[in-house]
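Visitor: Could you walk me through this one? I'd like to go from the overall fold down to the odd local spots.

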Amino acid sequence: MVSSLDGSVTLRAVSEGLGGPADKQALARVRDACDVMLVGAGTVRDEDYPPYPGGADRQERRVAKGLAADPPVAMVTRTGALRDGHPLVADPARAPVVIVAAADEPTVRAALTPTPAGEAIRWVVAGDATLDWRAAVDGLAALGLPRIACEGGPRLNGALLDAGLVDEAFVTIAPALVGGDGLRLTRTDTPAARRDLTLVSALLADGDELLLRYVRASAATAAST
C-alpha cells in the first residue's frame with residue numbers, strides 16, 4: 001500500500017497519483033513473488049483492476065522461481081457487480097478467483113457467469129452469512145495459492161487484520177500532503193487495538209519515497225530465537 005505523509009491512501013478517491021516509480025517497482029516485486037493478488041471488489045471497480053500486468057520478462061522470472069507465469073487476481077465481492085467489458089473478467093485464459101460467503105454466492109455467480117471469463121472462474125466459498133477469512137485463506141491454499149499479496153482496499157486490509165492474518169506489511173510513504181478525508185491503510189468495524197509490527201527494511205528511493213517492510217512482531221521474535 002502507498003500512503004501520503006498525512007495518512008491518506010487515496011488521492012481523488014484512487015491510489016493512482018500517490019505512488020511514484022519506486023513504489024510501482026516495489027509493487028511489481030511483491031506481485032512477482034506471490035501466488036495470488038487479493039483485491040476487494042471496490043478497488044477492482046474504482047481502479048479498473050486488470051489481471052497480472054507483468055510482461056514476458058517478469059513471467060520468465062516467476063517461472064524460474066517455480067511460480068506460475070501469471071498469478072491470478074482473487075476478488076472478494078458480495079455482488080459481483082462490474083462494468084461491462086471489465087478487464088478482470090474479459091479473458092477466460094486469465095480468469096480470476098472469486099471469494100464469497102455462501103449467502104452471496106448465487107448473486108455473484110449470476111453476475112459473473114455471463115462474462116467471458118465466467119466459466120473459467122475458480123470459486124472459494126468461505127463462511128455462511130458473512131465471509132470467514134481463515135476459511136478463505138485455507139481455500140486459496142487448497143487451490144495451490146498459499147502466498148497472498150493483499151492489495152486492498154482499506155476495508156479488506158482491516159478484515160485480514162481483525163482475523164489475525166496479516167504477516168507482513170509493505171508500505172510506501174509518499175513525500176506529499178494531500179488533505180481531504182481519504183481512507184487510512186486499514187478500516188475495521190472493530191474498536192481500535194494495537195498490533196505491533198517489526199521494521200525489517202527501509203529504503204529511501206529516488207524521488208524521496210520511503211519504502212518500508214514490516215513483519216508481525218511475534219513472527220520476528222520467533223525468527224530471532
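**Overall fold**

Guide: The protein has seven helices and nine strands, where helices (H or I, at least four residues) and strands (E, at least two) are DSSP runs numbered from the N terminus. The radius of gyration is 18 Å, close to the 17 Å that the globule rule gives for 225 residues, so the protein is as compact as a globular protein of that length; the radius is taken over C-alpha atoms, and the rule is 2.2 Å times the number of residues to the power 0.38. This is a predicted model, in which local features need pLDDT of at least 70 and side-chain atom pairs count only at pLDDT 80 or more, while totals for chains, interfaces and linings use all residues. Residues are numbered from 1 along each chain as its sequence is written, and side-chain values use heavy atoms, with hydrogens and water left out.

Visitor: What share of the residues is buried?

Guide: Buried residues make up 38% of the 225 residues, with buried meaning under 20% relative accessible area, exposed over 50%, and partly exposed in between (1.4 Å probe, protein chains only).

Visitor: OK, sheets. What is the strand order in the open sheet of five strands?

Guide: The order is 5-4-3-2-6, with parallel pairing; two strands pair if DSSP finds at least two bridges between them. Strand 5 (122–125) and strand 6 (148–150) stand at the edges with a single partner strand each, so one side of each is left without a neighbour in the sheet. Neighbouring strands of this sheet are turned by 25° against each other on average, direction ignored; axes are lines fitted to C-alpha atoms, for helices over the stretch in contact, and angles run from 0 to 180 degrees between N-to-C directions.

Visitor: How many bridges join strand 2 and strand 6?

Guide: Strand 2 (residues 36–40) and strand 6 pair in the parallel sense over three bridges, and leucine 38 has cysteine 150 of strand 6 as its bridge partner. Helix 6 (residues 154–162) lies across strand 2, strand 3 (73–76) and strand 6, at about 110° to strand 2.

Visitor: And the open sheet of four strands, what is its order?

Guide: That sheet has the order 1-7-9-8, with mixed pairing, and its edge strands, strand 1 (2–3) and strand 8 (197–204), each pair on one side only. Helix 1 (residues 21–31) packs on this sheet, touching strand 1, strand 7 (168–173) and strand 9, and its direction makes about 35° with that of strand 9; contact here means heavy atoms within 4.5 Å. Strand 8 and strand 9 (residues 210–216) pair in the antiparallel sense over seven bridges, with serine 201 opposite arginine 213 in strand 9.

Visitor: Now the backbone oddities. Where is the cis peptide bond?

Guide: A cis peptide bond, with omega about 5°, joins glycine 152 and glycine 153, and glycine 153 lies in the loop between strand 6 and helix 6.

Visitor: Is aspartate 208, with its positive phi, buried or exposed?

Guide: Aspartate 208 is exposed, with a relative accessible area of 53%; its phi is near 65°, and aspartate 208 is found in the loop between strand 8 and strand 9. Aspartate 48 also has a positive phi, near 50°, and counts as partly exposed at 33% relative accessibility.

Visitor: Last one: which arginine lies over the face of tryptophan 123?

Guide: Arginine 109 lies over that face, at 4.2 Å from the ring centre, where a charge sits over a ring if NZ of Lys or CZ of Arg is within 6 Å of the ring centre and within 35 degrees of the ring normal. Arginine 62 lies over the face of tyrosine 52, at 5.8 Å from the ring centre.
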